[in-house]
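Please look through the structure below with its helices, charged pairs and pockets in mind.

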Amino acid sequence: MEKWSDYEKYLKGEHLGSRRVTATIARIVEETTHPNGRAEETPVMYFAGKQKGLILTPSNRATLKDLFGDNIGNCIGKTVQLEAVPMLVAGKHTLPVRIFPAPQPAPTQPATLAAESQPAS
């Protein structure tokens with residue numbers, strides 16, 4: 001490990017830097033987290049091939065619901081993009097991770113037969 005932030009359990013904006021990262025959702029579980037020093041149950045999303053989970057804020061939960069519906073299980077196996085978005089919250093600069101839809105591959109055109117593309121005689 002090269003950075004102190006590598007020892008953190010949860011993904012933060014600082015881990016992403018200025019990159020937009022594509023990741024596949026492996027699982028979403030409830031974990032006890034300690035925001036503001038008090039314990040609370042929070043959904044945490046983990047990604048295929050990655051160790052750090054993303055604590056799902058209300059904004060990110062709403063994005064997942066918009067993308068994949070109200071059933072949490074619908075998210076599993078889906079691909080999203082993650083980006084750290086600078087914000088000013090209560091006069092403090094923060095760098096929360098936001099979820100965005102992953103770009104979809106362009107649809108492929110079905111191959112046409114040579115006879116179909118020539119005018120009829």
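The paragraphs that follow take up a helix, then the salt bridges, then a loop glycine and finally the pockets. The model is a predicted one, and what is said here should be read with that in view.

A convenient place to begin is helix α2, which spans residues 58–68 and in which N60, L64 and F68 are buried. Seen down the axis of α2, these buried residues fall within an arc of 45 degrees, so they line one face of the helix. The face turned away from that buried side carries P58 and D66, both of which are exposed. As for what the buried residues of α2 pack against, their partners are the strands β1 (20–33), β2 (40–47), β3 (54–55), β4 (79–84) and β7 (97–101). Just after the helix comes G69, a residue whose phi is positive, near 95 degrees.

From the helix we turn to charged side chains. Side chains of opposite charge can pair when their charged atoms come close. A search of the whole structure finds 4 salt bridges, and three pairs are described here in turn. One of the pairs is formed by E31 and K9, whose side chains meet at 3.4 Å, taken from N to O. This pair links distant parts of the chain, since E31 belongs to strand β1 while K9 lies in the segment before α1 (13–16), 22 residues apart. E31 has a relative accessible area of 15% and is therefore buried, the cut-off for that class being under 20%.

Another salt bridge joins R20 to E83, with 2.7 Å between the closest N and O atoms. Here too distant parts of the chain are linked, with R20 in strand β1 and E83 in strand β4, 63 residues apart. R20 is partly exposed, its relative accessible area being 40%, and E83, at 24% relative accessibility, likewise counts as partly exposed. A further salt bridge is found between R38 and E40, whose closest N and O atoms are 3.5 Å apart. R38 is partly exposed, with a relative accessible area of 48%, and E40 counts as partly exposed at 30% relative accessibility.

The loop between α2 and β4 holds G73, which counts as partly exposed at 45% relative accessibility. The C-alpha atom of G73 is separated by 8.3 Å from that of I28, although the two residues are 45 residues apart along the chain.

What remains is the empty space in the model. Rolling a probe the size of a water molecule over the atoms shows where such space is left. The largest pocket has a volume of about 760 Å³ and is lined by 28 residues, of which L11, P35, I55, T57 and P96 lie nearest its centre. The elements that give two or more residues to this lining are β2, β3, α2, β5 (87–89), β6 (92–94) and β7. By class, the lining of the largest pocket comprises 13 nonpolar, 7 polar and 8 charged residues.

The second largest pocket has a volume of about 420 Å³. Its lining is made up of 16 residues, and those nearest the centre are L11, H15, R19, K50 and K52. Both α1 and β1 supply at least two residues of the lining of this second largest pocket, and α1 gives the most, with 3 residues. The residues lining the second largest pocket divide into 7 nonpolar, 3 polar and 6 charged.

Note on methods:
Residues numbered from 1 in each chain as written. Predicted model: local features only at pLDDT ≥ 70, side-chain atom pairs only at ≥ 80, totals over all residues. Heavy atoms only, no water. Buried < 20%, exposed > 50% of the residue type's maximum accessible area, 1.4 Å probe, protein only. Helix = DSSP H or I, 4+ residues; strand = E, 2+ residues; numbered from the N terminus. Arc of directions from axis to C-beta. Contact = heavy atoms within 4.5 Å. 1 Å grid on protein atoms, 1.4 Å probe; cavity = no way out; pocket = protein on both sides within 12 Å on 5 of 7 lines; lining within 4 Å. Points joined across faces, edges and corners; volume = space filled by probe spheres on them. Nonpolar A, V, L, I, M, F, W, Y, C, P; charged D, E, K, R; others polar.
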